[in-house]
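Student: Please take a close look at one strand of this model and its partners. Then place that part within the rest of the structure.

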Amino acid sequence: MIPANAPILTAEQMVDAEQAVFASGVSQDELMERAGEAVARETARFAMGRPILILAGPGNNGGDAYVAARLLQREGLDVSVVATGAPKAGAAERMQALWHGATTSLYAARPRPVLVDGLFGTGLMRPLERGLAAVFADLCAQAEFTLSIDVPSGLDSDTGADLGAPAGIDVTLALGALKPGHLLDAGLERCGRILLADIGIDSDTGWRTAGRPQLVTPHAHSHKYSRGLVVVIEGAMPGAARLSALAAMTAGSGYVVLAGEKPWQGGPDALVRRAFGTSTDLAEFLEWDRIDAVVLGPGLGRDGNADGYLRAAFAAEKPLILDGDALSLLGTNAASWLQSRQAPTWLTPHSGEFDRMFGFDGSKIERTLAAARATGATIVHKGADTVMASPKGAVRVLAGGSSWLSTAGTGDVLAGVLAAQVAQGSKGVQAAEAAAWLHGRAARLAGPAFYADDMIKHISEAVGECL
Ligand SMILES: NC(=O)C1=CN([C@@H]2O[C@H](COP(=O)(O)OP(=O)(O)OC[C@H]3O[C@@H](n4cnc5c(N)ncnc54)[C@H](OP(=O)(O)O)[C@@H]3O)[C@@H](O)[C@H]2O)[C@@H](O)CC1
Ligand SMILES: Nc1ncnc2c1ncn2[C@@H]1O[C@H](COP(=O)(O)OP(=O)(O)O)[C@@H](O)[C@H]1O
Ligand SMILES: [K+]
C-alpha cells in the first residue's frame, strides 16, 4: 500500500528541506527526535509487547534508530540495539550517547520477533557489503515483523535500484516525504506497506503520488458535444482502437468516433463510425471544430498509410494522445516532430517504447521528466511504476497497482480513458493522473485474471467513485 497524494523528494531535495527547517530555528537534534518519535510510535503499534531488535547504522538513519530505541525502552518494551559502527559526529553521535541499553555487534546479534532497520537511509551510496547484507537478510527472515526507517537499507532511495535490500520488510516508515526509491524499480517489491510520517518539513516540490481525481457530473444543460468529443483512429489491428474507443465512452465522453478506412461495425450503436478513404480525407475530417481529442497509435501498424495518418493527426492541431505504433513511428525523432506543435500532446509509452525513443539516464522519474522537457508533451511512462511528467516539471507516480494489468490491450484502454479526460477539458499531468487512477481502479474492480475488454465495463464504476 502506498499513500495517495504524498510528496516525493530525492535525497538532495531532502537535504534542502532539512536545511530550510534548520534555518527556521529547529535544531538537528530536534528534527532527529521527531523522526525517532515517529519510528517509536509505529514500532510500538506493530510490536504489541514483543521484544525488539534495532539495527543502528553509522549515519543519521542510525541516529533515528537510537532515538526510537530510547523511547521504546522508556515505554517499558524490551529493546536491544545492534550497532554497525561508530556514528558520525553530530546528532547521530549525540543520540547514540543517550542510549544506555543493551548493544551488540552485528555478527553477535540474535534474531528477535520485531526488527527495526536503521542501517542506512537516503545516504546509502553503494551496495551493501555482502556479509552485512547476509546477516540483515537472515535477521529479517527470522523476525515476525520488520519495519524499515525511511528507506529499506540496501535500496537506492533516488532510483529504487536494488543494492542488497532483503525481501520481507513489512512496513517502511518514510520520513517527511516519500522517496522515488519507494515507488520505482525494485522498491516496489521491497518496502512492504509504506507509511508517511510528518516531521514538519516543507515537502512541496510538485512531485507526488497519484490520488483519486475529483470529477464532475454533467451539468443541467450539458449536451453530447459539450461533454467531449473523442476521435480514435483505427489502423491495421482494429481491436486495439476499439478498446480505446469503448474506454473513452465509459470514461464519460459525450461522443466517440471510430474513424478508419472500413471502421468496425459491431459493438455498441452509440459508437459513431466514420469512414475515410485516404490520409487526405482523414486530415479533412480532423479539421472538424467539434473534435476535442484524437487518439492515434493503438493497433495502427507501421506500414501502409500509418505515416500518412500520423501526419494528418499532427496537421489538425487538436489535443493528441499518441500511443503504441504512433510512438514507434516517431522513434528517436519525437522531439523534432513535437516541438513545433501548438496543441497539447500526451505520449503514453511503456518502457520498451520509451527506451527506443529516448536515451536519457537517471531514475525513471528523471528520464520521464527529460522526455517531457525535450518534446514539450506530457509523458505517461507506463508500467507497474507509472510515471507521469509535464514539461514544466510536475510529476505524478502511480505505483503498486493490480499486476493483472500485465495483459494485452490494457494500454489501449488507458489511451481511451486519457482521451476522455482531455476531451472533457482536463489538462497536462492532471489529465494523465486522472486517467491512470481511473484505469488502475477499474482494474482492481475487475478482480483477478481479467482481460482488457473486461475492465472497460468497470471504468464507469470507477468514475462514479470520483463524483
Ligand atoms: N534529511 C532529513 O530531512 C532527515 C533525515 N533523517 C534521517 O537521515 C537519513 C539520512 O542520513 P545520512 O545522510 O546520514 O545517511 P544514512 O543513510 O544514515 O547513511 C550514511 C552513512 O552510511 C555510510 N554508507 C553509505 N553507504 C554505505 C554502504 N553501502 N556500506 C557501508 N556504509 C555506507 C556513509 O559513510 P561513507 O562510508 O560513505 O563515508 C554514511 O556514514 C534519512 O534516511 C533519515 O533516516 C532524519 O533524521 C531527519 C530528517
Ligand atoms: N505489473 C503491472 N502492474 C501494474 N500495472 C501494469 C503492470 N503491467 C502493465 N501495467 C499497466 O498496464 C498497461 C499496459 O499497457 P501496454 O504495455 O501499452 O499494453 P498494450 O500495448 O497491450 O495495451 C499500462 O497502463 C501499464 O501501466
Ligand atoms: K533504513
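Tutor: Two strands count as paired if DSSP finds at least two bridges between them. The model is predicted, and strand β2 serves here as the part to examine. With strand β3 (residues 103-105), β2 pairs in the parallel sense over three bridges, so the pair meets that criterion. Within this pairing, Val81 has Thr103 of β3 as its bridge partner. The chain gets from one strand to the other by way of helix α4 (residues 91-97), and β2, α4 and β3 together make a right-handed β-α-β unit.

On the other side of the account is strand β1 (residues 52-56), which is joined to β2 by five bridges, again in the parallel sense. Val81 appears here too, as the bridge partner of Ile54. The connection from β1 to β2 runs through helix α3 (residues 60-74), and this β-α-β crossover is right-handed. As for burial, a residue is called buried if 20 or more other C-beta atoms lie within 10 Å of its own. By that criterion four of the five residues of β2 (residues 79-83) are buried, so the strand is largely enclosed by the rest of the structure.

The next step is the sheet as a whole. It is open and has seven strands in the order β3-β2-β1-β4-β5-β6-β7, with parallel pairing. Its edges are β3 and β7 (193-197), each of which pairs on one side only. From one strand to the next the twist averages 25 degrees. Further along the order, strand β5 (residues 145-149) pairs with strand β6 (residues 171-175) in the parallel sense over three bridges; there Ser148 stands opposite Thr172 of β6. For context, an unreviewed UniProt entry annotates residues 14-207 as "domain: YjeF N-terminal". In the model the end C-alpha atoms of that span lie 13 Å apart, and 38% of the span is helix and 18% strand.

Helix α3, which links β1 to β2, also bears on ligand 1. It contributes five residues to the shell around that ligand, the largest share. Helices α1 (11-23), α2 (28-47) and α3 each supply at least two residues of the shell. There are 32 residues around ligand 1, and Gly59, Asn60, Asn61, Gly121 and Gly123 come nearest. By class, the shell comprises 16 nonpolar, ten polar and six charged residues.

For comparison, there is a second sheet. It is open and has ten strands in the order β8-β17-β16-β15-β14-β13-β12-β9-β10-β11, with mixed pairing. Its edge strands are β8 (207-209) and β11 (272-275); each has a single partner, so one side of each is left without a neighbour in the sheet. Direction ignored, neighbouring strands of this sheet are turned by 20 degrees against each other on average. One parallel pair within it is strand β13 (residues 320-322) with strand β14 (residues 345-347), joined by three bridges; Leu320 stands opposite Thr345 of β14. The same unreviewed kind of record gives "domain: YjeF C-terminal" for residues 207-466, a span that is 42% helix and 16% strand.

Ligand 2 has 18 residues around it, of which Lys382, Ala384, Leu405, Ser406 and Gly411 come nearest. Helix α15 (residues 410-423) gives the most to this shell, with four residues. Four nonpolar, twelve polar and two charged residues make up the shell around ligand 2.

Note on methods: Residues are numbered from 1 along each chain as its sequence is written. Chains are lettered from A and ligands numbered from 1 in the order in which they are written. This is a predicted model: local features need pLDDT of at least 70, side-chain atom pairs count only at pLDDT 80 or more; totals for chains, interfaces and linings use all residues. UniProt positions are given in the numbering used here, feature names are shortened, and annotations may be inferred rather than shown by experiment. A residue is buried if 20 or more other C-beta atoms lie within 10 Å of its own, exposed if 12 or fewer, and partly exposed in between; C-beta atoms are placed from the backbone. A crossover is right-handed if, with the strands pointing away from the viewer, the path from the first strand over the helix to the second runs clockwise. A residue is near a molecule or strand if its C-beta atom, placed from the backbone, lies within 6 Å of it. Ala, Val, Leu, Ile, Met, Phe, Trp, Tyr, Cys and Pro count as nonpolar, Asp, Glu, Lys and Arg as charged, and the others, Gly among them, as polar. Axes are lines fitted to C-alpha atoms, for helices over the stretch in contact, and angles run from 0 to 180 degrees between N-to-C directions.
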